[in-house]
Amino acid sequence: MSEPSRLPSIHPSAVIAPTAQIGENVEIGPWCVVGANAVLERNVRLHANVIIDGHTVLRQGVEVFPFVTIGMAPQDLKYGGEPTSCEIGACTIIRENVTIHRGTIQGISMTKVGAHCLIMANSHVAHDCVVGDGVIIVNNVVMGGHVEIGDGARIMGSAAMHQFVRIGRGALVGGLCGVEADVIPYGCVLGNRARLVGLHWIWLKRQGVSHPEMKQMRQAYLDLYPRYLDASRSPSNAGSDADSEVFASRLAQVKKNYENNARVKEIIDFMEVKSRRGLVKVSGLRRREGEPFQD
């Protein structure tokens, strides 16, 4: 049964612009500031000391904890006050001291966080970033502008992502990782400078992916990055044209061999997209805890 409709609850100390759109059942706590172009849909909750600025939309059920700012001007010297926007998806939780900046006209003019995300304390989502649905971003994560994070990805504590990096769906970025290039869907990267060490098996199992399909995904991964070879030589970070041709040949063969596996196809399609940052380099291949297969 849905919650009955009621008027917004606004603390007397909150400052709400007259033109802000405030939906039913919204709760706005002490010392919050909501700007003139903000839209707070039904059941949004701002705990206290929250600032919502610019053309910003918080979809229904968003919960924002103290000392968060959403929709403030980007940290980009080219920004000239253009009316760009910011959007937070339904039922996303944003914890203390998070900053989310609006987009720029040099980018997509919008910063977007998907639905059912959890963004933990002290993290920063920069201008023109696009974060998918169901993403978990742990404490102290920072990202440059134009970063894309696919649905269901997990970004562990204090990771840092270079601008224009893409993180594929269901990927795992380990704590303290510096991510300078793209991470494939379902990939797992670890290290001071992120290196691909395998696939995110735990996430795949939790999504109900069958053992035979995971086994096929593992073989496709090994076909792309054969054991005992320098697997870091992909088309985007190869040391020579010959290296690039070898990887392109492997990529084409995997695409042909696994054309009926939707997740392998998703990985290949991601790799074939022209990228500003290239693909992360690959660490030595070894069995990792949580991998459901013996070598």
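These are short notes on a sheet, a helix, a cavity and a buried arginine in a predicted model.

1. **The sheet.** Eleven strands make up an open sheet with mixed pairing. The strand order runs β1-β4-β7-β10-β13-β16-β19-β22-β25-β27-β28. At the edges sit β1 (9-10) and β28 (195-199). Each of these two pairs on one side only.

2. **One pairing within the sheet.** Take β7 (residues 45-46) and β10 (residues 63-64). These strands run in the parallel sense and are joined over two bridges. R45 has E63 of β10 as its bridge partner.

3. **Helix α2: length.** The helix covers residues 211-224. Its 14 residues, at 1.5 Å a residue, should span 20 Å. The expected span is 1.5 Å times one less than the number of residues. The end C-alpha atoms of α2 are 20 Å apart, so the model agrees with the expected span.

4. **Helix α2: burial.** Which residues of α2 are buried? They are M214, M217, R218, A220, Y221, L222 and L224. R218 is thus a buried arginine in this helix.

5. **Cavities.** The model holds two cavities of 30 Å³ or more. The second largest has a volume of about 50 Å³. Its lining consists of I184, L199, M217, A220, Y221, L224, V254, V264 and I267.

6. **Character of that lining.** How do the residues lining the second largest cavity divide into nonpolar, polar and charged? Nine are nonpolar, none is polar and none is charged. Tyr counts as nonpolar here, and Y221 is among the lining residues.

7. **Where the lining comes from.** Two helices, α2 (211-224) and α4 (262-272), each supply at least two residues to the lining of the second largest cavity. The biggest share is from α2, with four residues. M217, A220, Y221 and L224 belong to the lining, and these residues are also buried in α2.

8. **R102: position and burial.** R102 lies in the loop between β14 (99-101) and β15 (110-113). Is R102 buried or exposed? Its relative accessible area is 12%. The cut-off for buried is under 20%, so R102 is buried.

9. **R102: contacts.** What does the side chain of R102 reach at 2.6 Å? It reaches the backbone oxygen of G71. A polar contact of 2.9 Å also links the side chain of R102 to that of Y79. The buried R102 therefore has its side chain in contact with G71 and Y79.

Key:
Residues numbered from 1 in each chain as written. Predicted model: local features only at pLDDT ≥ 70, side-chain atom pairs only at ≥ 80, totals over all residues. Heavy atoms only, no water. 1 Å grid on protein atoms, 1.4 Å probe; cavity = no way out; pocket = protein on both sides within 12 Å on 5 of 7 lines; lining within 4 Å. Points joined across faces, edges and corners; volume = space filled by probe spheres on them. Buried < 20%, exposed > 50% of the residue type's maximum accessible area, 1.4 Å probe, protein only. Polar contact = N/O pair within 3.5 Å; in protein donor to acceptor, adjacent residues only side chain to side chain. Pairing = 2+ DSSP bridges.
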